[in-house]
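Visitor: I should like to learn how to read a structural model, feature by feature. Where should one begin?

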Amino acid sequence: MAVQHFTNSGVYFTCKKITMLCYRENLPEHLRFNPYIDQGYRPPMRPLQCFSSILTIHNETLNIYTHIIALILSISLIYTSPLREVKDLQFIKLCHVIATIIPWIGSIVYHTFMNVYGNKRYYNILLKADLICIWLAQYMGGIPVVSVTIYYLPSYTKVIIGVFYWAICIWGLYKVFKVNNFIKASRFYFFLPITIRMTSVILRSTSHGGGSQSALGYVVLADLSSVIGGIINASRWPEKYFPGNFDFVFNSHNIMHLLVLLAMYWMHQVNIQDILWLSSVQITRSNV
Ligand SMILES: [Zn+2]
């Protein structure tokens, strides 16, 4: 089946091997987002060819497989978690399940089909879908932490914080829709929710905050790995200093994927402990 390629001069040519990889200069402009990755790119492909490329080696292979592993791991973590014993708190549990599973699906689809037809419009749709999934992970995933943190505060303070949190969520979503640049958008889907969670950690360190105390270390670990991953991705380290040497593995985006996987695991631990804490406190209160 013939595949269209782009050349330096913008002239198309075709080849019959879907496994044929190309150099950055052979790609359409919107797919050249990392100037330090020289080769290993898939050429523009049809959807089925993009899907088949999962079975070949190219410079998105590690990105796709790290998140396929993350998806399998997160489903098994959810399935085996003690949350199945918690009969109430359905909304908070749902937020945790969405935050744990959805981002991997968005990322796998984005990385697999990003070169479809070499079409910028399709690429932007896939990028938005991926960003929305990350938004869901960050903001829905933050709901258990915020809910338990404010548990002991007066009702009116809880309402104010709740309205503020949802306003920030909606503003973050609006920004994700508006910003087309993945790295520029990261401040809204990574750093803003992290700021909220770090504020929660500070409050939980005082007598005013609720939640499982043993979960605090995991919150810090999860957000630290997210921040380090975001910084590495934005700084293009290490390929910036060794261009062309990290085209297939261990470039900045690969490292970020691995760190985000770790962050997911730790956030899962945080949410499990917090939801169990909330359930036990509510049962204790109802028995008093
Ligand atoms: Zn990625």
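The dialogue below goes from the overall fold to the metal site, the largest cavity and one residue.

Guide: One should begin with the status of the coordinates: this is a predicted model. Next comes the inventory of elements, which for this protein chain is eight helices and two strands.

Visitor: In what order do the elements of the protein chain run from the N terminus on?

Guide: The order is β-β-α-α-α-α-α-α-α-α, with both strands ahead of the helices. Contacts then show how the chain is folded together: among those between residues at least 6 apart in sequence, 68% join residues at least 24 apart.

Visitor: How much of the protein chain counts as buried?

Guide: Of its 288 residues, 51% count as buried. The complementary view is the surface, where the accessible area comes to about 14,200 Å² and carbon and sulfur atoms hold 69% of it.

Visitor: Which residues coordinate the zinc ion?

Guide: In reading a metal site, one lists the donor atoms and then places them in the sequence. Here the NE2 atoms of His111, His253 and His257 coordinate the zinc ion at 2.0 to 2.1 Å. Their spacing in sequence is H-x141-H-x3-H. Because His111 belongs to helix 3 and His257 to helix 8, this pair ties together parts that are 146 residues apart in sequence. His111 and His257 are both buried. As water is not among the atoms, a site of this kind may look incomplete.

Visitor: How many cavities of 30 Å³ or more are there?

Guide: The count comes to three. The largest has a volume of about 400 Å³. A lining of 29 residues surrounds this cavity, and Pro103, Trp104, Ala137, Gln138 and Val260 lie nearest its centre. Helix 3 (90-113), helix 4 (120-149), helix 6 (182-204), helix 7 (216-235) and helix 8 (252-287) each give two or more residues to that lining.

Visitor: Which helix gives the most to the lining of the largest cavity, and what is the chemical character of the lining residues?

Guide: Helix 8 gives the most, with nine residues. By character, the lining divides into 13 nonpolar, 13 polar and three charged residues.

Visitor: To finish with a single residue, is Ser226 buried or exposed?

Guide: One compares the relative accessibility with the cut-off: Ser226 has 6%, and therefore counts as buried, since the limit is under 20%. Ser226 lies in helix 7. Leaving aside residues up to four places away in sequence, Ser226 touches Ile194 and Ala263.

Conventions
Residues are numbered from 1 along each chain as its sequence is written. This is a predicted model: local features need pLDDT of at least 70, side-chain atom pairs count only at pLDDT 80 or more; totals for chains, interfaces and linings use all residues. Side-chain values use heavy atoms; hydrogens and water are left out. On a 1 Å grid over the protein atoms alone, a cavity is a set of points where a 1.4 Å probe fits but cannot get out, and a pocket is an open set with protein on both sides within 12 Å along at least five of seven lines; lining residues have an atom within 4 Å of a point. Grid points are joined across faces, edges and corners, and a volume is the space filled by probe spheres set on the points. Helices (H or I, at least four residues) and strands (E, at least two) are DSSP runs, numbered from the N terminus. Ala, Val, Leu, Ile, Met, Phe, Trp, Tyr, Cys and Pro count as nonpolar, Asp, Glu, Lys and Arg as charged, and the others, Gly among them, as polar. Buried means under 20% relative accessible area, exposed over 50%, partly exposed in between (1.4 Å probe, protein chains only). Contact means heavy atoms within 4.5 Å. Accessible areas come from the Shrake-Rupley method with a 1.4 Å probe; for residues, only the protein chains shown count as cover. Donors are N, O and S atoms within 2.8 Å of the metal (3.2 Å for Na, K and Ca); water is not among the atoms, so sites may look incomplete.
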